[in-house]
Amino acid sequence: MSTHAPHPHQPSPHHSCALTGEIVSARNGLRLDMLRPGLADHIRALHPDIAPDAYISRQALAKERSAYIAATLKAERGDLSELDHDVIASLAANDILTENIEDEIELGRTFGERAADAIASFGGSWTFIISFMVFINLWMALNIAGLMGAFDPYPFILLNLVLSCVAALQAPVIMMSQKRQEVKDRRRSENDYRVNLKAELEIRHLHEKIDHMLTRQWERLAEIQAIQIELMEDLASRRR
């Protein structure tokens, strides 16, 4: 039974992460010189002794990328908010920020909040206006005609008292509903801010990555062209 020795130039399927020292497979990491310049310079600044072709695991790279994004945002905007930190954490963990705010808000409503929303919705509709006008006209007609003993004769003092009570109770109920709507709008805007900020950072990352890839391709093309020129000059010198 014969054993085949590995080829001396065959790359190792496993590498040691230069930041954590963990052994990871080749597909779970990248070389430092393959990263975009901004992120690579950030890692070199934090780890001055790292080799130019050092291998970094994707898990360690995600932490370094989040620290790099945090430093970039802080330099652009100053102190970071809690929303900014949430976006940076989601980038490091590759989480999805989009969520259905409406369902979460609806599930968390109390009985009083549901009642306030229903009353405010009914009080701001044409159904309420028409039914209330019918009620007022019916009240005045019954008292003027005396069909029920004129329980509230002109000038309808009891009716004015009822209207005042309705207005006094309706105003705070509408304010409660508006307050809930403000909370809902704030949560919507926070969710939109997270999604937009993450999209902006991802697009910026893609632009930098594409620019880096194009630069490396141009460098390789220049090297290939230089090799071709050397070969052509070599062939021309041999023919002479």
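I began with helix α1, where Asp-41 and Arg-44 are separated by about one helical turn because they lie three residues apart. Helices here are DSSP runs of H or I with at least four residues, strands are E runs of at least two, and both are numbered from the N terminus. The two side chains form a salt bridge, with the closest N and O atoms 3.0 Å apart. I counted a salt bridge when a side-chain nitrogen of Lys or Arg is within 4 Å of a carboxyl oxygen of Asp or Glu.

Note on the source: this is a predicted model, in which local features need pLDDT of at least 70 and side-chain atom pairs count only at pLDDT 80 or more, while totals for chains, interfaces and linings use all residues. Residues are numbered from 1 along each chain as its sequence is written, and side-chain values use heavy atoms, leaving out hydrogens and water.

I looked up exposure for the pair. Buried means under 20% relative accessible area, exposed over 50%, and partly exposed in between (1.4 Å probe, protein chains only). Asp-41 is partly exposed at 45%, and Arg-44 is partly exposed at 34%.

Next I went through the other salt bridges; the structure holds four. Glu-113 pairs with Arg-180, the closest N and O atoms being 3.7 Å apart. This pair links distant parts of the chain, with Glu-113 in helix α5 (residues 111-123) and Arg-180 in helix α7, 67 residues apart. Glu-113 is partly exposed at 28%, whereas Arg-180 is buried at 14%. Arg-180 also meets Asp-117 in a salt bridge of 2.4 Å, N to O. Asp-117 is in helix α5, 63 residues from Arg-180 in sequence. Both Arg-180 and Asp-117 are buried. Shared partners join Glu-113, Asp-117 and Arg-180 into one network.

I then checked the overall layout. The protein has seven helices and four strands, in the order β-β-β-α-β-α-α-α-α-α-α along the sequence. Of its 240 residues, 25% count as buried. I took a contact as heavy atoms within 4.5 Å. Among contacts with a separation of 6 or more, 63% come from residues 24 or more positions apart.

For the interior I used nonpolar cores, meaning sets of buried Ala, Val, Leu, Ile, Met, Phe, Trp, Tyr and Cys residues joined through side-chain atoms within 4.5 Å. The largest has 12 residues, including Cys-17, Leu-32, Ile-56 and Tyr-68. Helices α1 (37-46) and α2 (58-77) each supply at least two residues of this core. A second, separate core of nine residues includes Ala-70, Leu-80, Ile-88 and Leu-197.

I also looked at Leu-32. Not counting residues up to four places away in sequence, Leu-32 touches eight listed partners, among them Ala-40, Arg-44 and Pro-52.

Which cysteines are paired? By the rule that a disulfide is a pair of cysteine sulfur atoms within 2.5 Å, I found zero disulfides. Cys-17 is buried at 3% relative accessibility, whereas Cys-165 is partly exposed at 40%.

Last, I looked along helix α7 (residues 157-239), which holds Arg-194. Arg-194 is buried at 16% relative accessibility. Its C-alpha is 6.5 Å from that of Leu-83, although the two are 111 residues apart in sequence. Helix α7 also holds Ile-210, which is partly exposed at 46%.
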